[in-house]
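Here is a quick tour for anyone meeting this protein for the first time. Have a look at the model, then read on.

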Amino acid sequence: FVGSPGLSEVRAGTAALASLGAPPPTAKQLRFRVRTAKTNKEVGISTETLKASKDGYAQFLEETAYSVSKGQCSLLIRNEAVAVGGFLTLLEAGQMWSPDCAGLTGGKSRREISSGEASGQLFPLKVGNELALRYKIQGSESETESGFADYEESIEEKYEVIERLADFKSANGQSVGEVFRIRTAIKRSRGKPRTYEFLFSTALGWRVGYRTDLEATLVDFSR
């Protein structure tokens, strides 16, 4: 659990999860405006910088700047990850830090899928398609990178394509083209079951919004 995640570090045991048939991303940058679902009050901006690979993975850097603060300190979340389509993260290293808190840093974490299996299919996307995933995650949430996992978590996810939108537009009116809405049900050994939805763009090859307790809305993008 040392260093930034890279494509070469993805475990061989995750091959079944990494070969879901998702197209490689085509956008170079995506920006999301995040709002709370209950009050519709904006709480932050997230920027995802993507790097596609010939294997269909994506390596990306995500930075979220929140307008809320803790005491006198603003917070910034920085994640580097390897993912499939922006919705299944195979390997992630993250840090929460605040540049106006006397240079202090904290909140380091690292999560990695160690093994897994898949049944059914999502891609090529079609309303009614279903996919079931079962996998284990090893993770660490310590201030120092010890090189060892602090916990292991078992996860079951079910994906279902529930809607096709022929011409989806970003918040600034930029056309994304065809987008599919996908509902996900998650059961995990370290938390309560939950469901959420996300939008996947076939043209961009990436998730372009999601809804949990927060709602992430695509502001704009560039290739």
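Which residue in strand 12 stands opposite Phe 32? The partner is Leu 218, and the rest of that pairing comes up below.

## What you're looking at

This is a predicted model, so local features need pLDDT of at least 70, side-chain atom pairs count only at pLDDT 80 or more, and totals for chains, interfaces and linings use all residues. Residues are numbered from 1 along each chain as its sequence is written, while side-chain values use heavy atoms, leaving out hydrogens and water.

The protein has one helix and 12 strands; these are DSSP runs numbered from the N terminus, with helices being H or I of at least four residues and strands E of at least two. Starting at the N terminus, the helix comes ahead of the strands. Of the 223 residues, 42% are buried, meaning under 20% relative accessible area with a 1.4 Å probe, protein chains only.

## How the ends meet

Strand 1 (residues 29-36) runs antiparallel to strand 12 (residues 214-222), and eight bridges join them. Two strands count as paired if DSSP finds at least two bridges between them.

Strand 12 also pairs with strand 11 (residues 206-211), again antiparallel, over three bridges. Here Gly 209 has Thr 217 as its bridge partner. Two residues sit between strand 11 and strand 12, which form a hairpin.

## Rings in contact

Now for the aromatic side chains: there are eight aromatic pairs, counted when ring centres of Phe, Tyr or Trp (its six-membered ring) lie within 6.5 Å, with planes under 30 degrees apart called stacked, over 60 edge-to-face and the rest tilted. Phe 87 and Phe 200 are edge-to-face, because their planes stand at 80° with the centres 6.2 Å apart. Phe 87 lies in the loop between strand 4 (73-84) and strand 5 (88-97) and Phe 200 in strand 10 (residues 194-201), so this pair ties together parts 113 residues apart in sequence. Phe 87 is buried at 8% relative accessibility, and Phe 200 is buried at 0%.

Tyr 159 and Phe 198 make another edge-to-face pair, 6.3 Å centre to centre with 80° between the planes. Tyr 159 belongs to strand 8 (residues 151-169) and Phe 198 to strand 10, 39 residues apart. Both count as buried: Tyr 159 has a relative accessible area of 0%, and Phe 198 has 1%. Ring pairs link these four with Phe 123 and Tyr 196 into a cluster.

Methods: Buried means under 20% relative accessible area, exposed over 50%, partly exposed in between (1.4 Å probe, protein chains only).
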